[in-house]
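Me: Please pick one part of this structure and go through it closely for a first-year student. Start with the whole, then show how that part sits in its surroundings.

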Amino acid sequence: MKKSARNPELATATERNPRWASVLARDPGADGKFYYSVRTTGVYCRPSCAARPARPENVQFHTTREEAEQAGFRRWPSSMQPRLRKSAASSITRKPCPISISWRRTPA
Ligand SMILES: [Zn+2]
């Protein structure tokens with residue numbers, strides 16, 4: 001197996017999807033309309049998540065949270081609650097959303 005298999009076809013399919021533009025733009029207006037997940041991390045998130053964009057070939061789109069969870073992805077609580085109060089947010093928002101972390105630190 002290649003360590004970092006690039007899949008141009010999957011990447012192109014993602015890049016052609018209008019939802020991907022919303023993710024890149026972190027469009028708050030897209031929140032609730034769909035979710036996206038990253039295969040390499042097993043996490044799904046909302047379009048306006050502050051995480052840096054994942055590689056398009058690892059991205060999948062889901063219409064609902066249920067759909068994403070049935071596909072085996074888990075949510076990141078602090079990302080899903082944009083209106084957390086400071087006191088409640090302090091402990092978890094310090095952890096960056098992991099949705100696109102592991103592609104930078106690829107496990108051996
Ligand atoms: Zn997130």
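Reply: **Helix α2 and what surrounds it**

Of the protein's 108 residues, 37% count as buried (under 20% relative accessible area; exposed is over 50% and partly exposed in between, with a 1.4 Å probe and protein chains only). The model is predicted: local features need pLDDT of at least 70, side-chain atom pairs count only at pLDDT 80 or more, and totals for chains, interfaces and linings use all residues. Residues are numbered from 1 along each chain as its sequence is written, and side-chain values use heavy atoms, with hydrogens and water left out.

There are five helices and four strands, which are DSSP runs numbered from the N terminus (helices H or I, at least four residues; strands E, at least two). Read from the N terminus, their order is α-α-β-β-β-α-β-α-α. A contact means heavy atoms within 4.5 Å. Among contacts between residues at least 6 apart in sequence, 63% join residues at least 24 apart.

The part to look at is α2, residues 18-25, whose buried residues are Trp20, Ser22 and Val23. They lie on the same side of α2 because they cover an arc of only 155° around the axis, the arc being that of the directions from the helix axis to the C-beta atoms. An α-helix has 3.6 residues a turn, so residues three or four places apart point the same way. Turned away from the buried side is a face with the exposed residues Pro18 and Ala25.

Now the two ends. At the N-terminal end of α2, asparagine 17 acts as a cap, with a side-chain oxygen 2.9 Å from the backbone nitrogen of arginine 19. Just past α2 comes arginine 26, with a positive phi of about 50°.

What lies over the buried side? The cover of the buried residues of α2 includes α1 (8-16), β1 (35-38) and β3 (59-62). Two of these, β1 and β3, belong to an open sheet of four strands in the order β3-β1-β2-β4, with mixed pairing. Strands pair if DSSP finds at least two bridges between them; β3 and β4 (74-75) are the edge strands, each pairing on one side only. Three bridges join β1 to β2 (residues 43-45) in the antiparallel sense, and tyrosine 36 has cysteine 45 of β2 as its bridge partner. Helix α2 packs on this sheet, touching β1 and β3, and its direction makes about 105° with that of β3 (axes are lines fitted to C-alpha atoms, for helices over the stretch in contact; angles run from 0 to 180 degrees between N-to-C directions).

The largest nonpolar core has 16 residues, of which Tyr36, Val59, Phe61, Cys97 and Ile99 touch the most other members. Such a core is a set of buried Ala, Val, Leu, Ile, Met, Phe, Trp, Tyr and Cys residues joined through side-chain atoms within 4.5 Å. At least two residues of this core come from each of α2, β1, β2 and β3.

Arginine 26 leads to one more place. Serine 48 touches Arg26, Asp27, Pro28 and Asp31, not counting residues up to four places away in sequence. Serine 48 sits in the loop between β2 and β3 and counts as buried because its relative accessibility is 15%. Its side chain makes a polar contact of 2.7 Å with that of aspartate 31 and one of 2.4 Å with that of arginine 46. A polar contact is a pair of N or O atoms within 3.5 Å; within protein, one must be able to donate a hydrogen and the other to accept it, and residues adjacent in sequence count only if both atoms are side-chain atoms.
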